Amino acid sequence: MIDGALPYLRCPVCGGTLARPVERALRCPAGHSFDIARQGYVNLTAGRSPHSGDSAEMIADREAFLAEGHYDFIAQALAAAADPADGLVLDAGTGTGSYLAGFLDAHPAAQGLGIDVSKPALRRAARAHDRAAAALADLWRPIPVADASASVILNVFAPRNGPEFHRVLRPGGLLLVVTPAADHLAELIAEFGMIKVDPDKAGRVAGALGAGFAVESTSRQRRALRLSAAETRTLIGMTPSARHVPRDAAGTHDVTAAVDLTVYRRV
Ligand SMILES: C[S@@+](CC[C@H](N)C(=O)[O-])C[C@H]1O[C@@H](n2cnc3c(N)ncnc32)[C@H](O)[C@@H]1O
Ligand SMILES: [Zn+2]
């Protein structure tokens, strides 16, 4: 539902507050108007976005794979990384909204907002949780939310905009970043030629965020997954390696899932 997020949203054209005078649009006092899609997400891009994000096929595979529960350990680590949160929890690059929904379940006083550039993703994210709103917005542009309005930002396998995350987080707020560890899905990379992850990613993330964030903790979350052939195809299909999906991944596959969760505090 958009309504719970309205106090935090800002007009992407003039920065004004937004209200919902009619069912299917938000408007600012200056008259800029933004459509709410039938599926419930609001389009807060001012003009066209050069990015279209994950495709419908990738999002369908992501939804199917996450529903199997293989990555629930990531959702649990995220939920446990913050003290009980109130106010706005922004999920930057939300995908299907599954991690945001898990976080909101564990933080009953929080209001969620998932942003993404992928319309197929937002169709799901808009329905992911009663307390989650969804907005089409490009993370490489100013994020259409008020200064110092978010208590927590989630960022899971998605782009990061350090200056904007800093502006949007309230002082002392948390940025929870999940990046793949060096051996994440290593068996699938070896067997099917999936695109390999840059092993230095966590270090580069910290550098790119800038001086306004202090690392509070880093933890590695690791699981040994045993996947069916169908699950293996679905997992590859939800990644940028979708074109490497094997037609003949018969039998079960033992796969390492390994991610780094870094908790940054906004200073
Ligand atoms: C690998 S997916 C991760 C999605 C979700 N966080 C999850 O882990 O299930 C990356 C997401 O970032 C989105 N994305 C890519 N570029 C973006 C941008 N410039 N602005 C907003 N979202 C973007 C994609 O559409 C996709 O949904
Ligand atoms: Zn405006």
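Reader: Hi! Leu 185: buried or exposed?

Author: Hello! Leu 185 counts as buried, because its relative accessibility is 5%, and the cut-off for buried is under 20%. Do keep in mind that this is a predicted model.

Reader: Thanks. Where is the place of Leu 185?

Author: Leu 185 belongs to the loop that links strand E9 (169–180) with helix H6 (186–192).

Reader: And what about phi of Leu 185?

Author: That angle is near 60 degrees, which is a positive value in a residue other than glycine. Ala 148 is another case to look at: its phi is positive too, about 50 degrees, although Ala 148 is not a glycine.

Reader: Where should I look for Ala 148?

Author: Go to the loop between E7 and strand E8 (150–156). Ala 148 counts as partly exposed there, because its relative accessibility is 38%, and partly exposed covers the range between 20% and 50%.

Reader: Nice. Let's switch to His 129. Which loop is that one in?

Author: His 129 sits in the loop between helix H4 (119–125) and strand E7 (132–136). With a relative accessibility of 14%, His 129 counts as buried.

Reader: What does the side chain of His 129 reach?

Author: It reaches the backbone nitrogen of Arg 131, at 3.0 Å. There is also a polar contact of 2.9 Å between the side chains of His 129 and Asp 105.

Reader: Which residues does His 129 touch, not counting those up to four places away in sequence?

Author: With those set aside, His 129 touches Met 1, Ala 101, Leu 104 and Asp 105. So Asp 105 turns up both in that list and in the polar contact.

Reader: Now helix H8. How many of its nine residues are buried?

Author: Seven of the nine residues in H8 (residues 229–237) are buried, so the helix is largely enclosed by the rest of the structure.

Reader: Which ones are buried in H8?

Author: The buried residues of H8 are Ala 229, Glu 231, Thr 232, Thr 234, Leu 235, Ile 236 and Gly 237.

Reader: And what covers the buried residues of H8?

Author: The cover includes two helices, H1 (56–67) and H6, along with strand E10 (213–227) and strand E11 (253–266). H6 is the helix at the end of the loop that holds Leu 185.

Reader: Changing topic: what is the order of the open sheet of three strands?

Author: The order is E1-E2-E3, and the pairing is antiparallel. Strand E1 (19–22) and strand E3 (33–35) are the edge strands, each pairing on one side only. On average, neighbouring strands of this sheet are turned by 40 degrees against each other, direction ignored.

Reader: How many bridges join E1 to E2?

Author: Two bridges join E1 to strand E2 (residues 25–27), and these strands run antiparallel. Across from Val 22 you will find Ala 25 in E2.

Reader: Last bit, the whole chain. How many helices and strands are there?

Author: The chain has eight helices and 11 strands. Of its 267 residues, 52% count as buried.

Reader: How does the radius of gyration look against a compact globule?

Author: It agrees: a compact globule of 267 residues would have a radius of gyration near 18 Å, and the chain has 18 Å. Taken along the principal axes, the C-alpha atoms fill a box of roughly 60 × 40 × 35 Å.

Reader: What about the area the chain exposes?

Author: The chain exposes about 11,700 Å², with carbon and sulfur atoms supplying 51% of it. As for contacts between residues at least 6 apart in sequence, 63% join residues at least 24 apart.

Key. Residues numbered from 1 in each chain as written. Chains lettered and ligands numbered in written order. Predicted model: local features only at pLDDT ≥ 70, side-chain atom pairs only at ≥ 80, totals over all residues. Heavy atoms only, no water. Pairing = 2+ DSSP bridges. Helix = DSSP H or I, 4+ residues; strand = E, 2+ residues; numbered from the N terminus. Axes fitted to C-alpha atoms, helices over the stretch in contact; angles between N-to-C directions. Rg over C-alpha atoms; globule rule 2.2 N^0.38 Å. Buried < 20%, exposed > 50% of the residue type's maximum accessible area, 1.4 Å probe, protein only. Contact = heavy atoms within 4.5 Å. Areas by Shrake-Rupley, 256 points an atom, 1.4 Å probe, with all protein chains shown as cover. Polar contact = N/O pair within 3.5 Å; in protein donor to acceptor, adjacent residues only side chain to side chain.
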